[in-house]
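Student: I should like a close look at a single part of this model, namely the surroundings of the ligand. Please describe that site in one connected account.

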Amino acid sequence: MSNIIKILPDTLANQIAAGEVIQRPASVIKELVENSIDAKATSITVNIKDGGRTLIQVTDNGIGMSPDDARLAFERHATSKISVLDDLFNINTKGFRGEALASIASVAQIELVTKQKDDQIGTLVVLEGSKIIKIENCQSIVGTNISVRNLFFNVPARRKFLKTDSTEFGHIIDEFQRIAIAHSNVELKLINNDNIVYNLPSQSLKERIVAIFENSFRKQLVDVKTDAGFINVYGYVSNPQNSTKTNFKQFFFVNNRFFRSAYFNKAIQLAYDKLMPEGCKPNYFLFFEIDPQRIDVNIHPTKTEINFEDANSIFNLLVSVIRKSLTHFDFVPSLDFENAPVVNLILQNDKKFNNKGNETFYNETNIHSQIDSLSKNKSFSENKIFDSIQSQENQSLSKQFLVLKNKYILTPVKSGVLFVELKEAFKQIKYEELINKSDVGRTSIPSIYPITLIFLIEEAKEFDKIRKELEQIGFEFLNVNEQTVNIIALPPFVKPDNAQQLILNLIHISLLTEVNVKSIEKHEIVREIVLSENYENITIQSNMEAQEIINKLFACKSHQYTFDGKLIMKILNFEEIEQLLK
Ligand code: ADP
Ligand code: MG
């Protein structure tokens, strides 16, 4: 038998890798401009010819490269950005794989001129299809100037797949806009066939958005800002009245990196629920700042999806913060939110929810053990509510609860009086109990009388899509005909009276869902279950009961805002009380 395995020559290996990183001129621009930003450039110019097909030139005033680095930069896995595995979990630069320049060089003709601040003379490197054909000293200003000519000149099959110049130019604009919004402090210029397309000075985010899109955006942008401890969310969303059916602008960034998320997009749609005319979509420009360790860093350069460890909490936070921002903009008089800044009380320690059944957890816990676990977490040390409750080691104080009209629980805390809205507290407690229940679906209770669901044709089709999810949580159905189904058993946490409406609501949510997303998610089912209940007749009989509710509430991951954005608690501090009594 003869051997048949061969090691691919480097050039071919690079070309194969290039197929993944460099799909079209826009991807070259993304990689080059990101390199300039990583090199701390404050001014970057992108100059293209013929949709980037014949020339892509990026000039920056960044830190430049030494002569050796200028040569090494084009080797595969050549990067200055990570050196040990741990770095991989703490990435603060755009690039880190050391693949981009090697990939681009394997499929184009390149000329690089670069110089560092302390060097007298710069370096010129000329490459063609991965091979260095010239490397010499040259005159240069500080920074880097890289020209990429005749992309895919040596890969005709890929060159053929490029679309018309104007289509490629469209992709370039998309990419350029994302970078420009993510880095409004960087001066950016785009020149196409000698015409200036964008000439953007260093400016605020708002000014940048207005400069890129249209002047009318200035009036319609609503400020969004919240610090939830594990994540900072800020940016702008559009006034619901300015939402449009087409041509809407929707941008998510995490640590200044553009990403797409059908899931978070749904959170925003939910926040605008009923505020927008049917079929309209809002504009949004939202930035997440999060510890890189809490996202999946091993992001493929061409992929724009990112995995978040705390996707569920972020979803809820988005709904609540956007609703709140829209309310503040006082064109939504019907919603009633507090002026209080969002105080960080979202628990970061998720494990206790996953490892134990909820019942046991709730029984074991009380505010004080809750505080113990909180205080192990440094980021909570500055938290006001937390501090005030922590200081109440004095047991007798923490046992004083006042229940008003079966609507509010009041209890003294160090900085004033804590008000808890009972109905909202119940909702959130129930929501988190169900969300964290691992045995959802083990039990079904047969319905005493069949509950009949009669669907429209569209609804019947959608019902088929979500039926399995519903059966998993304990529903059982019997088909009567194509548009009629009987519910013959229900999960114990759904009241028979609410079942019909609940399922219809879920079908309607599923109908709203974008095609490529799972039609319904657990948190949506739970949300509807919790919302379908009536909380008007809650009664609290004893101090013990009040204490238990407060304990349960503090065991929730989110205890200041409910999953649907309602305020659960607020502290009236002594200054406010004084003001009140003046
Ligand atoms: P990565 O960005 O993943 O490190 P690249 O192939 O994009 O890999 O770049 C390789 C290296 O070349 C970078 O790590 C950086 O040191 C250097 N480099 C690339 N572009 C520039 C630039 N515009 N200014 C300074 N250094 C650069
Ligand atoms: Mg790079």
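Tutor: In this predicted model, ligand 1 occupies the second largest pocket. That pocket holds about 800 Å³ of space. Its lining is made up of 37 residues, and those nearest its centre are Asn35, Ala78, Ser80, Lys81 and Leu101. Several elements give two or more residues to this lining: helix 2 (25–38), helix 3 (67–72) and helix 4 (100–106), together with strand 2 (55–60) and strand 6 (143–149). The most is given by helix 2, which contributes seven residues. In terms of chemical character, the lining of the second largest pocket comprises 16 nonpolar, nine polar and 12 charged residues.

The shell around the ligand itself may be considered next. Ligand 1 has 19 residues around it, and the ones that come nearest are Asn35, Thr79, Ser80, Lys81 and Gly98. Asn35, Ser80 and Lys81 are thus among the residues nearest the pocket centre and also among those that come nearest to ligand 1. Helix 2 and helix 4 each provide at least two residues of this shell. By class, the shell around ligand 1 contains seven nonpolar, eight polar and four charged residues.

Three side chains may be singled out for their polar atoms. Asn35 places a polar side-chain atom 2.8 Å from an oxygen atom of ligand 1. The side chain of Asp60 has an N or O atom 2.9 Å from a nitrogen atom of ligand 1. For Thr144, a polar side-chain atom is found 3.3 Å from a nitrogen atom of the ligand. On its own, ligand 1 has 530 Å² of accessible area, of which the protein covers 91%.

For context, the largest pocket of the model should be described as well. Its volume is about 970 Å³. It is lined by 27 residues, with Gln269, Leu270, Asp273, Lys274 and Leu512 closest to its centre. Two or more lining residues come from each of helix 9 (262–271), helix 10 (311–328), helix 18 (496–512) and helix 19 (522–532). The lining of the largest pocket divides into 11 nonpolar, five polar and 11 charged residues. To return to the part in question, the space that ligand 1 takes is the second largest pocket, with helix 2 as the element that gives the most to its lining.

Notes. Residues numbered from 1 in each chain as written. Chains lettered and ligands numbered in written order. Predicted model: local features only at pLDDT ≥ 70, side-chain atom pairs only at ≥ 80, totals over all residues. Heavy atoms only, no water. 1 Å grid on protein atoms, 1.4 Å probe; cavity = no way out; pocket = protein on both sides within 12 Å on 5 of 7 lines; lining within 4 Å. Points joined across faces, edges and corners; volume = space filled by probe spheres on them. Helix = DSSP H or I, 4+ residues; strand = E, 2+ residues; numbered from the N terminus. Nonpolar A, V, L, I, M, F, W, Y, C, P; charged D, E, K, R; others polar. Near = heavy atom within 4 Å. Polar contact = N/O pair within 3.5 Å; in protein donor to acceptor, adjacent residues only side chain to side chain. Areas by Shrake-Rupley, 256 points an atom, 1.4 Å probe, with all protein chains shown as cover. Sits in = over half its atoms within 2 Å of the grid points.
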